[in-house]
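Trainee: Could we go through this model together? I would like to learn how each label is earned.

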Amino acid sequence: MITATATKIEAILYLKGKPLSLGEIAEYAACDRATVEEGIIELIDNYAHRDSALEVVETPAGYSLQLRSDFHDLVQTLIPVELGLGALRTLAAIALNSPILQSDLIDLRGSGAYQHVPELVELGFVRKRRDNDSRSYSLQVTPKFHQYFQIEQLPQTFSNSPKEEQLELDLTLKEEPEAVASAEC
């Protein structure tokens, strides 16, 4: 059975949600450091012997009540990712032009994209691999991107093929003499 002091320390660690030193815990619990040390040891032992998703650990910043490392993949799935506007726009550019060379992305988004790409790769939204035909990296969105943003298929970009551009040019050239003739009248 867990003591009242250990229960109080557990509540303090839970409510603060960040690592706390022994002195800080003692201050919040209104008791001395030796009592806090005993309570912390009791808590660590108690969590170690029960089948729980939580644990009490000592970090460089102090003691913390946190999720066991076995559940960190669950955090990635359940907690929304915080992306800045620039990173989000870079991700959209990659998604709409996927696959895209990093050099082309930089031309499109500017040099700030160099900082966004590693973040997007780390979050698992973008795959980065060396392109065989150039010195740049090829970037493309991953299945996690589609799952996270609930997008099954992205719209195709509307770029004209060289043949379509030539047809448009031919049409423009054929129309111009008529426009000139009607202007002379």
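Mentor: Gladly. Let us begin with a term: two residues are in contact when heavy atoms of theirs lie within 4.5 Å. Keep in mind too that this is a predicted model.

Trainee: Then which residues does Phe125 touch, leaving aside those up to four places away in sequence?

Mentor: By that cut-off, Phe125 touches Val81, Leu83, Leu91, Leu120, Gln140, Val141, Thr142, Lys144, Phe145, Tyr148 and Phe149. Phe125 is also among the members of the largest nonpolar core that touch the most other members, together with Leu83, Leu91, Ile94 and Leu105. That core has 19 residues.

Trainee: What makes a group of residues a nonpolar core?

Mentor: Its members must be buried residues of the nonpolar kinds, joined through side-chain atoms within 4.5 Å. In soluble globular proteins, nonpolar side chains tend to be buried together.

Trainee: Which elements supply at least two residues each to the largest core?

Mentor: Helices H5 (85-96), H6 (102-109) and H7 (113-122) do, and so does strand E5 (137-141). H5 gives the most, with five residues. There is also a second, separate core of 16 residues, including Leu20, Leu22, Val36 and Leu43.

Trainee: And what is the overall make-up, in helices and strands?

Mentor: The protein has nine helices and five strands. Of its 185 residues, 28% count as buried. Among contacts between residues at least 6 apart in sequence, 46% join residues at least 24 apart.

Trainee: Why is the pair of Arg50 and Glu10 called a salt bridge?

Mentor: The rule asks for a side-chain nitrogen of Lys or Arg within 4 Å of a carboxyl oxygen of Asp or Glu. Here the closest N and O atoms are 3.6 Å apart, so the pair qualifies. Arg50 lies in the loop between helix H3 (33-48) and strand E1 (54-59), while Glu10 is in helix H1 (residues 4-16), so the bridge ties together parts that are 40 residues apart in sequence.

Trainee: How do you know whether Arg50 is buried, exposed or partly exposed?

Mentor: Buried means under 20% relative accessible area and exposed means over 50%. Arg50 has 36%, so it is partly exposed.

Trainee: What else does the charged end of Arg50 do?

Mentor: It sits over the ring of Tyr47, 4.0 Å from the ring's centre. The distance limit for that label is 6 Å. Lys144 likewise lies over the face of Phe125, at 5.4 Å from the ring centre.

Trainee: How many salt bridges are there in total?

Mentor: The count comes to two. The other one joins Glu55 and Arg68, with 3.6 Å from N to O. Glu55 is in strand E1 and Arg68 in the loop between strand E2 (62-67) and helix H4 (72-78), 13 residues apart. Arg68 has 18% relative accessibility, so it counts as buried.

Trainee: What makes Ala30 noteworthy in its backbone?

Mentor: Its phi is near 55°, a positive value in a residue other than glycine. Ala30 lies in the loop between helix H2 (22-29) and H3. Its relative accessibility is 68%, so Ala30 counts as exposed.

Trainee: And what kind of peptide bond joins Ser98 and Pro99?

Mentor: That bond is cis, with omega about -5°. Pro99 is found in the loop between H5 and strand E3 (100-101).

How values were computed: Residues numbered from 1 in each chain as written. Predicted model: local features only at pLDDT ≥ 70, side-chain atom pairs only at ≥ 80, totals over all residues. Heavy atoms only, no water. Buried < 20%, exposed > 50% of the residue type's maximum accessible area, 1.4 Å probe, protein only. Helix = DSSP H or I, 4+ residues; strand = E, 2+ residues; numbered from the N terminus. Lys NZ or Arg CZ within 6 Å of the ring centre and 35° of its normal.
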